[in-house]
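Please look through the sequence and the fold shown here before reading on. The paragraphs that follow go from the chain as a whole to its cores, its helices and two single residues.

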Amino acid sequence: MEIILALLPHLVGLRLEAVVVRAVGVRIDAATRTVRAACGVCGVWSSTVQGRYTRRLADVRLGGHEVLVVLTVRRFTCVNSGCQRRTFVEQVPGLTRRYARHTVLAASDLEAVAVALGGRAGSRLAQRLAVSVSRTTVIRMIRRMPDPQW
């Protein structure tokens with residue numbers, strides 16, 4: 001497991017449960033170690049866990065193989081009675097974003113490909129780099145990016 005953490009340092013804060021290497025890619029089963037999390041709306045810390053579920057995140061390639069991080073995250077109940085959000089999911093800084101299907105590192109690599117090449121060409125290069133995305137996903141990534149500062 002130490003080898004995986006040396007190659008993928010953005011997974012250091014997680015508890016690695018299994019690493020499965022297959023011909024098509026590498027699957028890393030992981031879970032968070034935190035006991036509590038802060039609500040994304042009001043910022044109040046909560047340790048009341050409502051449930052768990054798994055997120056499947058595509059990560060940067062490793063030795064030419066696709067890497068899939070299957071991350072078990074917890075859904076917390078916001079203890080602030082005045083908050084709009086009743087429940088929230090913990091986010092791992094530097095690894096996850098809300099609703100994302102790629103890790104932060106993989107998304108930044110894909111955004112660079114998207115800006116340089118665009119739709120179809122960007123999709124073809126991403127598949128060559130062992131990250132499967134469609135041309136419409138590449139275009140959506142470009143549209144989501146903030147406008148550059150003048």
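Two residues are said to be in contact when heavy atoms of theirs lie within 4.5 Å. The model is a predicted one, in which local features need pLDDT of at least 70 and side-chain atom pairs count only at pLDDT 80 or more, while totals for chains, interfaces and linings use all residues. Residues are numbered from 1 along each chain as its sequence is written, and side-chain values use heavy atoms, with hydrogens and water left out.

The protein chain contains 4 helices and 7 strands, where helices (H or I, at least four residues) and strands (E, at least two) are DSSP runs numbered from the N terminus. Along the sequence these elements follow the pattern α-β-β-β-β-β-β-β-α-α-α, and the C-alpha atoms fill a box of roughly 50 × 45 × 25 Å, taken along the principal axes. Of the contacts between residues at least 6 apart in sequence, 50% join residues at least 24 apart. Buried residues make up 36% of the 150 residues in the chain, buried meaning under 20% relative accessible area, exposed over 50%, and partly exposed in between (1.4 Å probe, protein chains only).

The largest nonpolar core, a set of buried Ala, Val, Leu, Ile, Met, Phe, Trp, Tyr and Cys residues joined through side-chain atoms within 4.5 Å, has 19 residues, and those with the most contacts inside it are L8, L11, L14, I28, V67 and L71. Strands β1 (14-21), β2 (25-32), β5 (49-62) and β6 (65-77) each supply at least two residues of this core, and β6 gives the most, with 4 residues. Apart from this core lies another, of 8 residues, among them A107, A126, V131 and M141.

Within the largest core, I28 has a wide set of partners to trace: leaving aside neighbours within four places in sequence, I28 is in contact with I4, L8, L11, L16, A18, V19, V67, L68, V69 and V70. D29 is found in strand β2 and, at 17% relative accessibility, counts as buried. With neighbours within four places in sequence again left aside, the contacts of D29 are R15, L16, E17, A18 and V70.

The helices towards the end of the chain can be read by their faces. In helix α3 (residues 119-128) the buried residues are G119, G122, S123 and A126; seen down the axis of α3, these fall within an arc of 100° and so line one face of the helix, the arc being that of the directions from the helix axis to the C-beta atoms. An α-helix has 3.6 residues a turn, so residues three or four places apart point the same way. The face of α3 turned away from its buried side carries the exposed residues R120, R124 and R128, while the cover over its buried residues includes α2 (104-117) and α4 (135-144). For α4, the buried residues are T137, V138 and M141, which fall within an arc of 105° seen down the axis of α4 and so line one face of that helix; what covers them includes α2 and α3.

The loop between α3 and α4 holds V131, which is buried, with a relative accessible area of 11%. Not counting residues up to four places away in sequence, V131 touches D59, E66, H102, L110 and A126. The C-alpha atoms of V131 and R15, which are 116 residues apart along the chain, are separated by 24 Å.
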